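Here are my notebook entries on this structure, written for someone meeting it for the first time. Please keep the model open beside them.

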Amino acid sequence: MGYDARKAKKEAEKLNQEVAKLLGKFQRTIDWDFSWKANRTHGKCVHVGGSRYKILISKSLAEESDVRNTVLHELCHAYAPTGSGHGPNWKAIADKVGNAFGENITRVSSKKHDADSRKPFAELECPVCGHVYKLWKRTSYAYKDSSRCWCSHCGKERSYGKLIKRVLR
Ligand SMILES: [Zn+2]
Ligand SMILES: [Zn+2]
């Protein structure tokens, strides 16, 4: 409620102008998408080619809270050299932008979205052999119906329905 994607895009584009000016760089052409269906990641910046970028902002984040921090974080990716990731080149830009806009953009996202995207959200452990199966998708059969799974090392007879499910995030 009260969330207006058009207004959010206008504000994001204004931030883009201000960031370009602050960094003294040629303004990037950004295709904004505030309807990205991502729950675990707040935003994403994709280099389309030349000075064109696509920035996706999670729809659920946009509806729930202020996206300014995430928008600035992703803009820093667009202005950092290609392939910088969250390395020193990106961080130098993020520090400068963060200071100017009064937002801490290096901490929140760099840790959260990267750490989260590398971590499985759940795991199944076989109590017989101790093998741990990592689960990456909430929609997976192994997650939804874990009571009907078994360990491929120990076989159905010994481990059917015994796997221990742990939700990690
Ligand atoms: Zn990032
Ligand atoms: Zn096993």
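**Entry: Glu18 and Ser147**

I looked up Glu18 first and found it in helix H1. Helices (H or I, at least four residues) and strands (E, at least two) are DSSP runs, numbered from the N terminus. Glu18 is partly exposed, as 16 other C-beta atoms lie within 10 Å. For the record, a residue is buried with 20 or more other C-beta atoms within 10 Å of its own, exposed with 12 or fewer, and partly exposed in between, with C-beta atoms placed from the backbone.

A note on the model: it is predicted, so I kept in mind that local features need pLDDT of at least 70 and side-chain atom pairs count only at pLDDT 80 or more, while totals for chains, interfaces and linings use all residues. Residues are numbered from 1 along each chain as its sequence is written, and chains are lettered from A and ligands numbered from 1 in the order in which they are written.

Next I went to Ser147, in the loop between helix H6 (141-144) and helix H7 (156-159). Is Ser147 buried or exposed? Ser147 is exposed, with 10 other C-beta atoms within 10 Å. Its C-alpha atom is 4.5 Å from that of Gly161, although the two are 14 residues apart along the chain. From Glu18 to Ser147 I read 54 Å between C-alpha atoms, for 129 residues along the chain.

**Entry: the domains**

I checked the domain assignment, whose bounds come from an automatic or database source. The protein chain is given domain 1 (5-117) and domain 2 (122-167). How far apart do the C-alpha centres of the two domains lie? They are separated by 38 Å.

**Entry: the sheet of E1, E2 and E3**

Here I found three strands in an open sheet, ordered E1-E3-E2, with mixed pairing. Two strands pair if DSSP finds at least two bridges between them. E1 and strand E2 (43-49) are the edge strands, each pairing on one side only. Neighbouring strands are turned by 20° against each other on average, direction ignored. E2 and E3 run antiparallel and are joined by six bridges. I also noted Gly43 standing opposite Ile57 in E3. A general reminder to myself: in a regular strand the side chains alternate between the two faces of the sheet.

**Entry: helix H3**

H3 covers residues 68-79, twelve in number, and reaches 16 Å from its first C-alpha to its last. That is close to the expected 16 Å, the expected span being 1.5 Å times one less than the number of residues. H3 lies across E1, E2 and E3 and runs at about 30° to E2. For such angles, axes are lines fitted to C-alpha atoms, for helices over the stretch in contact, and angles run from 0 to 180 degrees between N-to-C directions.

Why do I call H3 largely enclosed by the rest of the structure? Ten of its twelve residues are buried, so the rest of the structure largely encloses H3. Among the buried ones are Thr70, His73, Glu74 and His77.

**Entry: the cores**

I then looked for nonpolar cores, meaning sets of buried Ala, Val, Leu, Ile, Met, Phe, Trp, Tyr and Cys residues joined through C-beta atoms within 7 Å. The largest has 23 residues, and those with the most contacts inside it include Ile55, Leu75, Cys76 and Tyr79. Helix H1 (5-23), strand E1 (29-36), strand E3 (52-58), H3 and helix H4 (88-101) each give two or more residues to this core. The largest share, six residues, comes from H3.

Which residues does Cys76 touch, not counting those up to four places away in sequence? I listed Trp90, Ile93, Ala94, Val97 and Ile105, where contact means C-beta atoms, placed from the backbone, within 7 Å. Apart from the largest core lies another, of five residues, including Cys126, Cys149, Cys151 and Leu163.

**Entry: the sheet of E4, E5 and E6**

The last stop was an open sheet of three strands in the order E5-E4-E6, paired antiparallel. E5 and E6 are its edge strands, and the twist averages 20° from one strand to the next. E4 (residues 122-125) pairs with E5 (residues 132-135) over four bridges, and Leu124 stands opposite Tyr133. The hairpin of E4 and E5 has six residues between the strands, and Gly130 there takes a positive phi near 85°. Four bridges also join E4 to E6 (residues 164-167), with Glu125 opposite Ile164.

Note on methods: Two residues are in contact if their C-beta atoms, placed from the backbone, lie within 7 Å.
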